[in-house]
Amino acid sequence: MSAAGSPALHDPAWLGRVFWLGAGLALLWPLGLATEFRPWVLLEPGSLLVAARFLGDFFPPSLQPDFLMLVARETWRTVAMATAGITLALLLAIPLTLLSTRVLSISALSGHMASGPFWFRQLLRWLMIVLRSVPELVWALVFVRVVGLGPTAGVLAIALTYGGMLGKVYGEILESSDGQVGEALLRCGCGRLQTFFYALLPQNAAELCSYTVYRWECAIRSSVVLGFVGAGGLGQQLDGAMKMFNGAEVSTMLLVFMALVALADRASAWLRKEMA
Amino acid sequence: MSRGHAFLAGLALLVLASFWSLDLQWAQFFSVDAARSMGRFVGEFFRPI
């Protein structure tokens with residue numbers, strides 16, 4: 001008798017599985033209707049032709065010297081926007097982390113944090129939640145009203161959102177490490193900054209660095225999106241090229257993005273190796 | 001100069017060059033006009049329609 005035909009190898013729960021699969025599909029159907037999700041539109045001859053022509057233009061990428069010069073200049077703008085944004089975000093995140101992390105609390109050494117420090121830390125956590133819960137696109141649109149089109153709005157938007165994110169994750173990295181060293185230093189009468197520099201930082205430096213480089217990579221991607229709302233850089237050029245259905249230019253710029261992300265990845269790997 | 005110092009110097013250069021080349025409009029951002037515009041925008045949050 002073959003293995004597949006053996007009654008012992010039949011799935012005893014097949015009826016339930018088929019039922020729940022069907023129930024899931026039946027639930028998804030109205031959601032698809034409500035969101036006007038119609039993937040078959042993509043396969044209509046008209047759409048296929050436009051998409052194929054656009055994608056066909058991707059190869060070969062545009063390599064004209066003056067366009068490459070423009071891409072190089074706008075790439076630097078994008079990298080500069082991400083770097084300046086992350087630098088300002090760090091200026092915001094580092095004090096917020098030091099003030100809000102639980103492991104640097106002296107009153108918590110006795111087992112229970114006093115209510116004053118607890119609420120102070122909670123307040124800072126709420127501030128970080130507000131900063132990062134507003135997407136950078138929305139911050140950028142707010143700042144574009146104030147400072148006009150240009151990189152200032154993009155840099156400020158990245159700084160605020162990423163300040164909140166970095167502050168939260170730095171705090172969690174510090175809290176998830178082995179707390180005994182820091183606790184020992186605090187109990188011996190060391191200050192909070194001394195404890196941070198001699199216990200928490202050496203323990204977590206590699207992880208903190210790797211997360212910061214990853215956020216820099218995210219900031220590059222995000223400054224591209226911010227370019228779409230007028231913050232300048234590669235995003236604005238990409239927006240223009242997409243609207244003109246200029247596939248060759250779009251593919252050149254996408255290749256530049258991939259190179260930037262690969263570069264950030266290499267930098268992060270090298271940094272972690274050096275710090276290990 | 002060790003590799004670590006070279007890396008830190010490169011990083012500092014990148015940050016300085018970023019701020020220098022972007023021509024950020026701080027004066028405009030911290031102006032009275034900007035504060036008024038932000039205030040008006042935030043004020044609109046609390047006005048029921």
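**Burial, salt bridges and the chain A–chain B interface**

User: Why is B:Arg3 called exposed?

Analyst: B:Arg3 has a relative accessible area of 53%. The term exposed applies over 50%, so B:Arg3 is classed as exposed. This value, like those that follow, is computed from a predicted model.

User: What makes the pair A:Glu274 and B:Arg3 a salt bridge?

Analyst: The side chains of A:Glu274 and B:Arg3 meet at 3.2 Å, N to O. The criterion is a side-chain nitrogen of Lys or Arg within 4 Å of a carboxyl oxygen of Asp or Glu, and therefore the pair qualifies. The count between chain B and chain A is one salt bridge. As for the acidic partner, A:Glu274 has 37% relative accessibility; that value is neither under 20% nor over 50%, so A:Glu274 counts as partly exposed.

User: How do you know that A:Arg221 forms a salt bridge with A:Glu217?

Analyst: The closest N and O atoms of A:Arg221 and A:Glu217 are 3.3 Å apart. Since the limit is 4 Å, the contact is counted as a salt bridge.

User: Why are A:Arg221 and A:Glu217 said to be separated by about one helical turn?

Analyst: The two residues are four residues apart in helix α8 of chain A, which means a separation of about one helical turn.

User: Is A:Glu217 buried or exposed?

Analyst: A:Glu217 has a relative accessible area of 12%. Buried means under 20%, so A:Glu217 is buried. Its partner A:Arg221, at 38% relative accessibility, counts as partly exposed. By way of contrast in placement, A:Glu274 lies in helix α10 of chain A and B:Arg3 in helix α1 of chain B, so that pair joins two chains.

User: What makes B:Arg36 and B:Asp33 a salt bridge?

Analyst: The side chains of B:Arg36 and B:Asp33 meet at 3.9 Å, N to O. This value is within 4 Å, so the pair satisfies the definition. Both residues lie in helix α3 (residues 32–45) of chain B, three residues apart, or about one turn of the helix. B:Arg36 has a relative accessible area of 52% and B:Asp33 one of 57%; the threshold for exposed is over 50%, so B:Arg36 and B:Asp33 are each exposed. Over all chains, the structure holds nine salt bridges.

User: How do you know that A:Thr101 is buried?

Analyst: The relative accessible area of A:Thr101 is 1%, and buried requires a value under 20%; A:Thr101 is therefore buried. The residue sits in the loop between α3 (65–100) and α4 (115–133) of chain A. Residues up to four places away in sequence being left out, A:Thr101 touches A:Arg121, A:Gly171, A:Leu174 and A:Glu175.

User: Why does A:Thr161 count as buried?

Analyst: A:Thr161 has 1% relative accessibility, which is under 20%, so the term applies. A:Thr161 is found in helix α6 of chain A. Beyond its neighbours within four places in sequence, A:Thr161 is in contact with residues including A:Leu131, A:Pro135 and A:Trp139.

User: What makes A:Val147 buried?

Analyst: A:Val147 has a relative accessible area of 5%; the cut-off is under 20%, and A:Val147 is therefore buried. It lies in helix α5 (residues 136–147) of chain A. With neighbours within four places in sequence set aside, A:Val147 is in contact with A:Thr152 and A:Ala153, and across the chains with B:Gln25, B:Gln28 and B:Phe29.

User: How many residues of chain B are in contact with chain A?

Analyst: 20 residues of chain B are in contact with 20 residues of chain A. The two chains bury about 1900 Å² between them, 75% of it on carbon and sulfur atoms. Chain B itself comes to three helices and zero strands, and 14% of its 49 residues count as buried.

User: Which residues are closest to the centre of the largest pocket?

Analyst: The largest pocket has about 1100 Å³ of space. Of its 33 lining residues, A:Leu90, A:Cys209, A:Thr212, B:Phe7 and B:Leu11 are the closest to the centre. Two or more lining residues come from each of α3, α6 (151–176), α8 (192–231) and α10 (247–275) of chain A, and from α1 (3–22) of chain B. The lining divides into 26 nonpolar, five polar and two charged residues.

Technical notes: Residues numbered from 1 in each chain as written. Chains lettered and ligands numbered in written order. Predicted model: local features only at pLDDT ≥ 70, side-chain atom pairs only at ≥ 80, totals over all residues. Heavy atoms only, no water. Buried < 20%, exposed > 50% of the residue type's maximum accessible area, 1.4 Å probe, protein only. Contact = heavy atoms within 4.5 Å. 1 Å grid on protein atoms, 1.4 Å probe; cavity = no way out; pocket = protein on both sides within 12 Å on 5 of 7 lines; lining within 4 Å. Points joined across faces, edges and corners; volume = space filled by probe spheres on them. Nonpolar A, V, L, I, M, F, W, Y, C, P; charged D, E, K, R; others polar. Buried area = accessible area lost by both parts, 1.4 Å probe.
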